[in-house]
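Let's take a walk through this structure together, stopping at a few side chains along the way. Please have the sequence and the 3D view ready.

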Amino acid sequence: MSDIINILPDSVANQIAAGEVVDRPASAVKELLENAVDAGASQIQLILKDAGRTLIQVIDNGCGMSDSDARLCFERHATSKIRKSDDLFAIHTMGFRGEALASIAAIAQVELKTRLHDSELGTCVTIEGCEIKDQAPCNCSKGTSLAVKNLFYNVPARRNFLKKDTVELSHIEEIFRRVALTNCQTAFTMHHNGKMLYDLKAGNFAQRICSIYGTNYKERLFPIQESSDVVEISGYISKAEYVRKTRGEQYLFVNDRFIKHPALSAAIEKAYIDVIPERSYPSYYLKLKVDPSRIDVNIHPTKTEVKFIDEHAIFAILRAATKKALGQFTIANELNFDAPADLPLTPAPDGYIPQAPTVRINTNYNPFASTKNESRPSYSGGHSESTFTTRNEDASKWTDFFAPAKTELPIIESPQATQSVAFNMDQTEGSDIDNACFQLMNRWIVGKMKTGLLLVDQQRAHERIWYERLLNRNRTVASQQLLFPINCTFTPADADILTELMPELASRGFEMSQLGKNTFVVTATPTGIREESLQEILEQILSDYKGSMLQKFADRDQNLCKTLAKQMAVKTGNALQQAEMQQIIADLFCCHTPEISPSGKRTMMILKEKELEEMMR
């Protein structure tokens, strides 16, 4: 039998390595930016076309390379970072494997221009699919310019797996922010299709955070500082009132390298457990310094995962430092010890005699008196728009209560395609409307039925009502004009997405315009949106939208309506009046899919008499 084992050609081996190191344009951006940082650059430019598909170019003013190094850097496992195996346990640089440029060159057309600071001429190397096409002297600036063109041009299967440009650009921006946050002494710029997205000047950590996320962030963060023999911690954590509903803006750096470490992230979140609502997550930007010999950064090709020898100790220190910062700065903000102790009391005029308070009692009040004939207000869930109104006359039958309104909502295909529950309206006959429903624990609406009880989750039900209203393009959503316009600031990436979503938001009651590059002025909102939460609501809309972009068959319009419905619905814990509860039930039963909330959870259930008897056994 002949031999069957062969040594792979370098071009094939590099394409295999590229599958581990470069799986999308953002991966190539990460490797090129880190190489520029390692070169000691004080200025780095990132230039993109078509979210990196057509062009990724990184220009730096770092140390540059000689003619021989410019050619050798594209060889596999060629690196200037390590010389011997012991160096793997004392790594201070970003890139060190020597795989990045070889992997990128295997799947793209690459042009490298580089010049040493003490050289008059530089060199230009052109590579296509691992094959060096040309190398010649050239006139270029000091430092290095590396252009990656037509990424995955020779691997069409990998290119077909790329998402649309907005998704790929969001991944690139996240990589850019990670590198920029941990290298504050370096100036960064980022251009996409000729438009500047970021222009970050050199400065300190706090300045870099504000230049990326907006100047309003200086009011949202607490500083944190802790030092021990095991780890040094510095950075910023968000105030409790600025937590988010998603795990965004959570940055943890170890020795200036961004990492993902579930245990350390849990340590930070556990420190917040008593001061923030459930399923809310803090933002943090923390730098940890650890002895390089006490960590292993070589366990993953992308180097975002590390192992600590002192993991349990670091966990405890990080949690304690976070709790300390939360307690220290929260109390300091609440109590101003420098203020004068005297209260600003105005003295009473001469001869003033204080009067004792009196209590007036209505002796004719009877809490058990019937109010059947009193007029009941219509309910719109705290909003001026409502399709249904509670009937006041002849409202003694539940059948009238559940009767559909004259203007019904159109049939809308729900993403949770389920068969509607068949409700027998005759089972409600004979019930008194005054005793029809009551609120339980400020969450449940309980209705009395002839054969049992109707139990409705008020928040989920109202979310379903608003979701179907918002999806109906034929209906106009009422807007409320703001007394004072509100300015909302976003990152450049989020500002671009919000600009894209403005037509959809306008049809749902928002009136806004762009003011400057990343700021929007809002003059009107859908009725029921809380003004003080407008920034948070828009951020949640953007977060949900970015999450939906990662889903292959996501519907942008449905996801937007889900987010708005969640914000506009009455919340668990809100006390409701009798008419309000009745209106929610009436509106719910006129929905196309009343039994399922937009998030796919049950809105109600009917407990039959037999089921109640079974529970009591």
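Is Tyr 236 buried, partly exposed or exposed? In this predicted model, Tyr 236 has a relative accessible area of 23%, which makes the residue partly exposed, since buried would require a value under 20%.

Let's stay with the aromatic rings, of which 11 pairs are counted. One of them joins Phe 205 and Tyr 236: the ring centres are 6.1 Å apart and the planes meet at 55°, so the pair is tilted. Phe 205 belongs to helix α7 (residues 205-213) and Tyr 236 to strand β10 (residues 232-238), so this pair ties together parts that are 31 residues apart in sequence. Unlike its partly exposed partner, Phe 205 is buried, at 11% relative accessibility. Phe 205 also has a charged companion, for Lys 287 lies over the face of the ring, 4.3 Å from its centre.

Now compare the geometry of a second pair. The ring centres of Tyr 251 and Phe 258 are again 6.1 Å apart, but here the planes stand at 65°, so the pair counts as edge-to-face; the cut-off for that label is an angle over 60 degrees. Both residues are buried: Tyr 251 has a relative accessible area of 2%, and Phe 258 comes to 12%. If you zoom out a little, you will find that ring pairs link these two with Tyr 213, Tyr 217, Phe 253 and Tyr 285 into a cluster.

Another charge sits over a ring elsewhere in the chain: Arg 469 lies over the face of Trp 466, at 5.2 Å from the ring centre.

Next, please move on to strand β20 (residues 511-514), where you will find Gln 514. Gln 514 is partly exposed, at 37% relative accessibility. Beyond its neighbours within four places in sequence, Gln 514 is in contact with Thr 499, Thr 519 and Phe 520. With Thr 499 there is also a polar contact of 3.5 Å between the side chains. The loop between α12 (492-507) and β20 holds Arg 508, which is buried at 1% relative accessibility. The side chain of Arg 508 makes a polar contact of 3.3 Å with the side chain of Ser 507.

Finally, how many disulfides are there? The count comes to 0. Among the cysteines, Cys 73 is buried with a relative accessible area of 13%, and Cys 561 is buried with a value of 0%.

Note on methods. Residues numbered from 1 in each chain as written. Predicted model: local features only at pLDDT ≥ 70, side-chain atom pairs only at ≥ 80, totals over all residues. Heavy atoms only, no water. Helix = DSSP H or I, 4+ residues; strand = E, 2+ residues; numbered from the N terminus. Buried < 20%, exposed > 50% of the residue type's maximum accessible area, 1.4 Å probe, protein only. Contact = heavy atoms within 4.5 Å. Polar contact = N/O pair within 3.5 Å; in protein donor to acceptor, adjacent residues only side chain to side chain. Disulfide = S-S within 2.5 Å. Phe/Tyr/Trp six-rings, centres within 6.5 Å; stacked < 30°, edge-to-face > 60°. Lys NZ or Arg CZ within 6 Å of the ring centre and 35° of its normal.
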